[in-house]
Amino acid sequence: SSGINAEYGGLAALIDGQLPELQGKRVCTILCGGNIDTTVLGRCLERGLAADHRLLSFTVVVKDAPGGMKMLTQRLAESGASIKDILHERAWLLEDVFAVRVRCMVETRDADHTIEVRKTLTDNYRHVEFIGLSDASSDPNLTSA
């Protein structure tokens with residue numbers, strides 16, 4: 001059969017009966033595209049992590065002194081969370097000149113781990129705000145502040 005797209009060639013051969021040696025056997029064929037847009041793929045993966053409660057986004061207020069950011073990142077590391085993005089903002093925090101607001105996105109292992117990380121943050125910081133998806137119906141610890 002002429003004009004078979006290489007990306008779907010394996011499936012086409014199976015459907016067309018061109019592989020009689022596989023008749024009656026369990027067969028798996030991989031469908032993929034080499035021309036996938038990596039930016040779109042990254043967005044899909046991130047949204048999947050968020051929907052699966054494996055991506056946690058939050059802001060937290062920490063001391064704006066040597067060791068303040070270190071303590072936050074150390075607590076996150078000890079909890080097993082992986083920091084994907086972090087940014088500190090001084091200018092927009094009006095309450096305390098000796099504090100800084102830190103915006104973080106961390107990856108967790110699963111929903112239970114997300115709950116553990118959230119508890120670590122709320123146990124150690126007075127001002128924590130969680131951003132994004134939550135599952136308030138199944139666990140009160142997953143609700144946004």
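The exercises below work through a predicted model of one protein chain.

**Exercise 1. The overall fold**

Determine how many helices and strands the protein chain has, and in which order they run.

Solution. Start with the count: the protein chain has 4 helices and 4 strands. Next, read the elements from the N terminus on, which gives α-α-β-α-β-β-α-β. Then look at burial: of the 145 residues in the chain, 24% are buried. Last, consider the contacts between residues at least 6 apart in sequence; 62% of them join residues at least 24 apart.

**Exercise 2. Two residues of helix 4**

Classify L121 and T120 as buried, partly exposed or exposed, and find what each of them touches.

Solution. First, place the residues. L121 is found in helix 4, which covers residues 111-124, and T120 is in helix 4 as well.

Second, compare the accessible areas with the cut-offs. Buried means under 20% relative accessible area. L121 has a relative accessible area of 2%, so L121 is buried. T120 has a relative accessible area of 24%, which lies between the cut-offs of 20% and 50%, so T120 is partly exposed.

Third, list the contacts, leaving out residues up to four places away in sequence. L121 touches F58, L72, L76, V128 and F130. T120 touches R75 and S79.

Fourth, take the C-alpha distances to S79. T120 is 41 residues from S79 in sequence, with 7.6 Å between the two in space. For L121 and S79 the values are 42 residues and 9.9 Å.

**Exercise 3. A residue of strand 1**

Find where L55 lies, whether L55 is buried or exposed, and which residues are in contact with it.

Solution. L55 is found in strand 1. Its relative accessible area is 15%; this is under 20%, so L55 is buried. Apart from neighbours within four places in sequence, L55 is in contact with E46, L49, A50, K84, M105, V106, E107 and T108. One of these partners, T108, is 53 residues away along the chain, yet the C-alpha atoms of L55 and T108 are separated by 6.1 Å.

**Exercise 4. A backbone angle**

Describe the phi angle of H53 and the surroundings of this residue.

Solution. Begin with the general expectation: most residues other than glycine have a negative phi. H53 is not a glycine, but has a positive phi of about 60°. Now locate the residue: H53 is found in the loop between helix 2 (38-51) and strand 1. Finally, check its accessibility. The value for H53 is 15%, which is under 20%, so H53 counts as buried although it lies in a loop.

**Exercise 5. Cysteines and rings**

State how many disulfides and how many aromatic pairs are counted, and describe the contact between R118 and the ring of F130.

Solution. A disulfide is a covalent bond between the sulfur atoms of two cysteines. The count here comes to 0 disulfides. Two cysteines can still be classified by accessibility. C28 has a relative accessible area of 68%, over the 50% cut-off, so C28 is exposed. C104, at 1%, is under 20% and therefore counts as buried.

For the rings, the count comes to 1 aromatic pair. The charged end of R118 sits over the ring of F130, 3.7 Å from the ring centre. F130 also appears among the contacts of L121.

**Exercise 6. The largest pocket**

Give the volume of the largest pocket and find which elements line it.

Solution. The volume of the largest pocket is about 420 Å³. The pocket is lined by 21 residues, and the closest to its centre are V61, V62, K63, A99 and H127. The elements that give two or more residues to this lining are strand 1 (55-63), helix 3 (68-79), strand 3 (99-107) and strand 4 (128-131). To finish, pick the element that gives the most: strand 1, with 5 residues.

Terms used
Residues are numbered from 1 along each chain as its sequence is written. This is a predicted model: local features need pLDDT of at least 70, side-chain atom pairs count only at pLDDT 80 or more; totals for chains, interfaces and linings use all residues. Side-chain values use heavy atoms; hydrogens and water are left out. Buried means under 20% relative accessible area, exposed over 50%, partly exposed in between (1.4 Å probe, protein chains only). Contact means heavy atoms within 4.5 Å. A disulfide is a pair of cysteine sulfur atoms within 2.5 Å. Rings of Phe, Tyr and Trp (its six-membered ring) pair if their centres lie within 6.5 Å; planes under 30 degrees apart count as stacked, over 60 as edge-to-face and the rest as tilted. A charge sits over a ring if NZ of Lys or CZ of Arg is within 6 Å of the ring centre and within 35 degrees of the ring normal. On a 1 Å grid over the protein atoms alone, a cavity is a set of points where a 1.4 Å probe fits but cannot get out, and a pocket is an open set with protein on both sides within 12 Å along at least five of seven lines; lining residues have an atom within 4 Å of a point. Grid points are joined across faces, edges and corners, and a volume is the space filled by probe spheres set on the points.
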